[in-house]
Amino acid sequence: MASLAVALSVLSAAALPAPAAEPSPADTISVERIVAPAPALTPEVWTFSDCLDWAIENNTEVRRSMLNVLSARQDVLAAKDAWLPTVGFTTNQSFTNYPANEAGRDHNSYGSSYNVGASWTAWDGNVRKYRTESAKLLEQQRALAGDDAVVTLKLGILEAYLNIMYAGEAVKIAEQTLEVSTLQAERAKRFAESGRTSQVDYAQIESQRAQDAYNLTQARNSYETAKMTLKKILTLGLDYDLNVADVSFADSEVLAPLPAASEVYELAAAWLPQLKSNELSKSIYSNDVKIAKAGRLPSLSVQGALATGYTSGSSRNWSSTMGRNFNENIGLTLSIPIFDGNSTKRAVAKARLAELDYDLTRKDLLDNLSQTIEGLYINASNARARYNAGVSQLDAVKLSADLVNRRFELGYVNPLDFLTAHNNLLNARLELLQSKYMAILAGKTIGFYATQQLTLN
């Protein structure tokens with residue numbers, strides 16, 4: 001038995017494919033890392049880089065992708081294990097009763113058999129080789145799916161973080177607007193009390209002050225909602241008080257020149273995980289075709305066994321019978337397919353059709369990328385144009401509001417014109433703020449597709 005097992009092991013080891021030189025994606029992942037709880041200490045003030053680092057380590061989808069990589073690694077090991085022999089032990093114990101006894105034979109007979117067998121497939125048309133290669137490629141695809149989840153996560157954090165910055169500045173504008181309208185309402189009240197203006201005019205201005213107070217409440221609610229969105233992405237919990245570091249953007253950064261759209265498209269197509277994963281699919285489909293074709297090839301397997309048995313009724317005792325019945329055997333089985341009902345033919349045809357999916361998927365991915373890049377450039381162009389126009393408009397509206405305010409104090413402007421100028425100034429400031437952050441979001445996203453780097457500073 002020892003010599004048989006050694007022989008099969010040597011044969012199977014000699015046929016094993018050479019180990020791949022590249023490290024497995026699962027080598028850097030451990031179950032402990034996946035199930036580890038989030039650190040108890042968190043930053044007092046969260047910078048953008050803090051948010052990225054924390055989310056990549058603690059996000060549920062990213063951790064689930066790590067589990068998928070570990071699962072795929074087991075599939076790789078299982079594919080490699082197919083090169084190993086199988087060894088098994090079987091025994092049979094039987095008792096036979098002979099009601100019609102004959103001379104020289106007992107009524108009852110006991111028999112037993114013992115068999116240790118081993119089998120190894122020496123040749124299967126390279127099916128094991130192709131399955132091992134495909135398993136390794138699927139493992140890499142699982143890792144790329146994790147990378148794609150990180151890309152989506154980073155872009156989500158970028159948008160959420162900039163929304164907080166935008167909402168925070170909107171709160172400041174609302175506070176300043178309320179402060180101005182409060183002073184105007186107090187002045188109008190004094191004018192009404194002194195008879196310089198009517199109670200109706202004062203009521204209109206006081207109504208505007210109340211509207212500005214409501215706008216401030218809404219702005220603060222929007223700010224808290226924006227923080228809640230980021231907390232959800234970071235999985236920090238509802239009760240966590242998230243403090244985000246402020247980031248200021250100069251006009252030069254808002255209007256910084258962008259690389260050519262075609263250049264960004266080519267750069268993104270070279271590194272985006274989805275496209276790299278589809279490239280691996282091409283090799284997997286090719287292996288599927290080879291595996292299907294292997295159904296037409298012969299297969300060769302090696303079998304060996306050690307066996308013995310015992311049957312009662314003999315003049316020899318159990319140990320003597322077992323020794324005399326002990327035997328060893330080894331053999332080869334060659335299987336040559338002749339006709340399998342066209343199952344191999346159909347399998348090859350289906351594998352070839354699946355192989356065509358690579359080109360279709362690649363076209364879809366590239367089309368989606370092209371539309372994404374084009375959309376980003378359109379958004380960036382529109383936002384920058386609005387920002388440039390908004391800067392000029394705000395200057396003009398400020399000047400107009402100052403003039404109207406002075407004329408109102410002198411009694412030359414009615415409250416309706418005064419309130420119109422007030423709201424025009426507020427809308428101009430908010431319009432400029434919105435276009436500013438839309439331009440920043442589009443520009444940062446374009447930079448990420450071009451360089452794989454995402455920073456706000």
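## The sheet

Four strands line up in the order β1-β2-β3-β4 to make an open sheet with antiparallel pairing. Strands here are DSSP E runs of at least two residues, helices are H or I runs of at least four, and both are numbered from the N terminus; two strands pair if DSSP finds at least two bridges between them. At the edges sit β1 (86–97) and β4 (327–335), each of which pairs on one side only. From one strand to the next, the twist averages 20°; axes are lines fitted to C-alpha atoms (for helices, over the stretch in contact), and angles between N-to-C directions run from 0 to 180 degrees.

A quick word on the ground rules: this is a predicted model, so local features need pLDDT of at least 70 and side-chain atom pairs count only at pLDDT 80 or more, while totals for chains, interfaces and linings use all residues. Residues are numbered from 1 along each chain as its sequence is written, and side-chain values use heavy atoms, with hydrogens and water left out.

## Inside the pairing

Strand β2 (residues 108–123) runs antiparallel to β3 (residues 299–311), and twelve bridges hold the pairing. If you want landmarks on that seam, S119 has Q303 in β3 as its bridge partner, and N115 stands opposite A307 in β3. On to β4: β3 and β4 are joined by nine bridges and also run antiparallel. One landmark there is S299, whose bridge partner in β4 is S335.

## A helix on the sheet

Helix α10 (residues 318–325) packs on this sheet and touches β2, β3 and β4, where contact means heavy atoms within 4.5 Å. The direction of α10 makes about 155° with that of β3.

## Helix α9 and its neighbours

Now for α9, which takes in residues 273–293, 21 in total. The helix reaches 31 Å from its first C-alpha to its last, close to the 30 Å expected at 1.5 Å a residue; the expected span is 1.5 Å times one less than the number of residues.

Quite a few α9 residues are buried, including P273, L275, L280, I284, Y285, V289 and I291, along with the polar S277, N278, S281 and N287. Buried means under 20% relative accessible area, exposed over 50%, and partly exposed in between, with a 1.4 Å probe and protein chains only. What do the buried residues of α9 pack against? They meet α5 (127–194), α8 (261–271) and α11 (343–409).

## Salt bridges

Searching the whole structure turns up ten salt bridges, each a side-chain nitrogen of Lys or Arg within 4 Å of a carboxyl oxygen of Asp or Glu. In one of them, E139 and R73 meet at 3.5 Å, N to O. This pair ties together distant parts of the chain, with E139 in helix α5 and R73 in helix α4 (residues 60–81), 66 residues apart. E139 is buried, at a relative accessible area of 2%.

Helix α9 has a long-range link as well: E279 and R362 form a salt bridge at 2.9 Å, N to O. E279 belongs to α9 and R362 to α11, 83 residues away along the chain. Both ends are partly exposed, E279 at 34% relative accessibility and R362 at 30%.

R209 and E206 make a local pair, with a salt bridge of 2.8 Å, N to O. They are three residues apart in helix α6 (residues 199–234), so about one helical turn separates them. R209 counts as partly exposed at 25% relative accessibility, and E206 does too at 24%.
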